[in-house]
Amino acid sequence: EASAKSEVLEDQPLTFQRNLWDRFDFLWKNRIEASQGLLQKVCDVLKSRAELERKYGESLLSLGESIGPEAGNSLHGAVEAMIVNFRN
């Protein structure tokens, strides 16, 4: 009887309703939980990258604030423009 059932399955395409409807626990464990774990790892990486970029931006702002161009220096305009760009 089992071989007859496997022969029937070979002739028909697999569908959720016919082949997996009563195997919810199997699907949850092998597909959903695995996907959720991978998605959580991706979210953790993205969060750490966002935190790193935020710290980088803050350090650029503090660098721009600590640079004080001299009024008589020929680079005054260039340094001021750089500080404005860092703040933006």
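This passage walks through the fold, the confidence, the surface and the salt bridges of a predicted model.

The predicted chain is helical throughout its regular secondary structure, with four helices and zero strands. Read along the sequence, that gives the pattern α-α-α-α. Confidence is uneven along the chain. The average pLDDT is 77, and 77% of the residues score at least 70. Helix H1, covering residues 2-11, sits at the bottom with a mean of 55, whereas H3 has the highest confidence, at 87. Where pLDDT is low, the predicted coordinates should not be read in detail. What follows therefore leans on helix H3, where confidence is highest.

Not much of the chain is tucked away: buried residues account for just 6% of its 88 residues. The accessible surface adds up to about 8000 Å², and carbon and sulfur atoms contribute 58% of that area. Part of the surface is a nonpolar patch of about 300 Å², built from Phe-24, Trp-28 and Ile-32. Trp-28 is a residue of helix H3. With a relative accessible area of 35%, Trp-28 counts as partly exposed, because values between 20% and 50% fall in that class.

Two salt bridges turn up in the structure. As a rule, side chains of opposite charge can pair when their charged atoms come close. In one of the bridges, Glu-53 meets Arg-49 at 2.9 Å, N to O. Both residues belong to helix H3 and are four residues apart, about one turn of the helix. The partners fall into separate exposure classes: Glu-53 is partly exposed at 46% relative accessible area, while Arg-49 is exposed at 53%, the cut-off for exposed being over 50%.

The other pairing joins the side chains of Lys-55 and Glu-51, with an N to O distance of 3.3 Å. Here too the spacing is four residues within helix H3, so about one helical turn separates Lys-55 from Glu-51. Glu-51 is partly exposed, with a relative accessible area of 38%.

Helix H3 spans residues 24-66, and Ser-66 lies in it. Ser-66 is exposed, at 57% relative accessible area, which puts this serine over the 50% cut-off. Farther along the sequence, Ile-83 is 17 residues away from Ser-66, and their C-alpha atoms are 9.7 Å apart in space.

Methods
Residues are numbered from 1 along each chain as its sequence is written. This is a predicted model: local features need pLDDT of at least 70, side-chain atom pairs count only at pLDDT 80 or more; totals for chains, interfaces and linings use all residues. Side-chain values use heavy atoms; hydrogens and water are left out. Helices (H or I, at least four residues) and strands (E, at least two) are DSSP runs, numbered from the N terminus. Buried means under 20% relative accessible area, exposed over 50%, partly exposed in between (1.4 Å probe, protein chains only). Patches are made of residues with over 30% relative accessible area and no salt bridge: like charges are joined within 9 Å, nonpolar side chains (Val, Leu, Ile, Met, Phe, Trp, Tyr) within 5 Å. Accessible areas come from the Shrake-Rupley method with a 1.4 Å probe; for residues, only the protein chains shown count as cover. A salt bridge is a side-chain nitrogen of Lys or Arg within 4 Å of a carboxyl oxygen of Asp or Glu. pLDDT is the predictor's confidence in each residue, from 0 to 100.
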